[in-house]
Amino acid sequence: PAIYTIGITMAVVASLETLLCVEATDKLDPFKRVTPTNKELWAQGAGNVVSGLIGGLPITQVIVRSSANIQSGARTKASAFIHGSLLLVCAYAIPKVLNMIPLAALAAILLIVGWKLAKPALFIAMWKKGQSEFIPFTVTVVGIVLTDLLTHLLTHILINALRAFRHTF
């Protein structure tokens with residue numbers, strides 16, 4: 001039962017993370033394309049089954065990769081395939097070199113990408129939309145920075161539930 005509980009929890013968290021990343025990626029896309037979420041979750045599920053069968057880790061959509069592809073001008077799914085292929089080649093061909101990369105350097109890259117995703121101009125734009133948009137946005141950003149992913153997701157769900165409850169009455 002403990003294994004099933006962990007597996008289900010991981011599946012739910014990974015699915016929620018993917019759906020949040022899909023929403024963010026669709027908003028970043030300069031061509032305003034919309035990702036079919038059902039297709040994305042089916043592909044993630046199939047990928048996770050295969051990954052689990054060969055002893056791999058769970059798969060989710062990653063906002064860092066998606067935003068890097070968008071910022072680089074990528075227009076097709078080939079960019080994600082090439083990105084994944086390069087990761088696979090690096091993981092198998094040069095693992096010792098990859099392990100020599102300081103964690104501080106990787107953290108710096110994540111901070112820069114995070115800064116690009118949450119520029120001060122974005123906070124100003126959310127402020128102009130009103131408190132009903134600004135407060136959940138700010139709480140979500142602070143939740144991501146100060147806690148872990150699961151806590152952030154639960155906070156996000158709670159805020160949206162409270163917003164829906166408030167608008168009901």
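A residue is taken as buried when its relative accessible area lies under 20%, as exposed when that value is over 50%, and as partly exposed in between. Cys 90, at 28% relative accessibility, therefore counts as partly exposed, whereas Cys 21, at 8%, falls under the 20% limit and so counts as buried. No disulfide was found in the model, the count by the distance rule for cysteine sulfur atoms being 0.

The structure described here is a predicted model, and the confidence of the prediction can be stated for the chain and for its elements. The mean pLDDT of the chain is 85, with 99% of the residues reaching 70 or more. Among the parts of the chain, helix H2, which spans residues 37–53, has the highest confidence, at a mean of 91, while the lowest, at a mean of 79, belongs to helix H9, which covers residues 149–168.

With regard to secondary structure, the chain comprises 9 helices and 0 strands, so that helix follows helix in the order of elements from the N terminus on, written α-α-α-α-α-α-α-α-α. Along the principal axes, the C-alpha atoms fill a box of roughly 55 × 45 × 30 Å. Of the contacts in the chain with a separation of 6 or more, 53% are accounted for by residues 24 or more positions apart.

The chain has 169 residues, of which 15% count as buried. Its accessible surface comes to about 12,600 Å², and 74% of this area belongs to carbon and sulfur atoms. As for charge, the chain carries 14 positive and 7 negative charges, and the mean positions of these two groups are 7 Å apart.

Two further residues illustrate opposite classes of accessibility. Asn 69, which is found in helix H3 (residues 63–71), has a relative accessible area of 15% and is therefore buried, this value being under 20%. When residues up to four places away in sequence are not counted, Asn 69 touches Ala 74, Ser 79, Ala 80 and His 83. Leu 103, by contrast, is found in helix H6 (residues 103–117) and counts as exposed, because its relative accessibility of 70% is over the 50% limit. Ala 74, one of the residues touched by Asn 69, also serves as a reference point for Leu 103: the C-alpha atoms of Leu 103 and Ala 74 are separated by 27 Å, the two residues being 29 residues apart along the chain.

Definitions and conventions. Residues are numbered from 1 along each chain as its sequence is written. This is a predicted model: local features need pLDDT of at least 70, side-chain atom pairs count only at pLDDT 80 or more; totals for chains, interfaces and linings use all residues. Side-chain values use heavy atoms; hydrogens and water are left out. Helices (H or I, at least four residues) and strands (E, at least two) are DSSP runs, numbered from the N terminus. Buried means under 20% relative accessible area, exposed over 50%, partly exposed in between (1.4 Å probe, protein chains only). Contact means heavy atoms within 4.5 Å. Accessible areas come from the Shrake-Rupley method with a 1.4 Å probe; for residues, only the protein chains shown count as cover. Lys and Arg count as positive and Asp and Glu as negative; His and the chain ends are not counted. The place of a charge is taken as NZ of Lys, CZ of Arg, CG of Asp or CD of Glu. A disulfide is a pair of cysteine sulfur atoms within 2.5 Å. pLDDT is the predictor's confidence in each residue, from 0 to 100.
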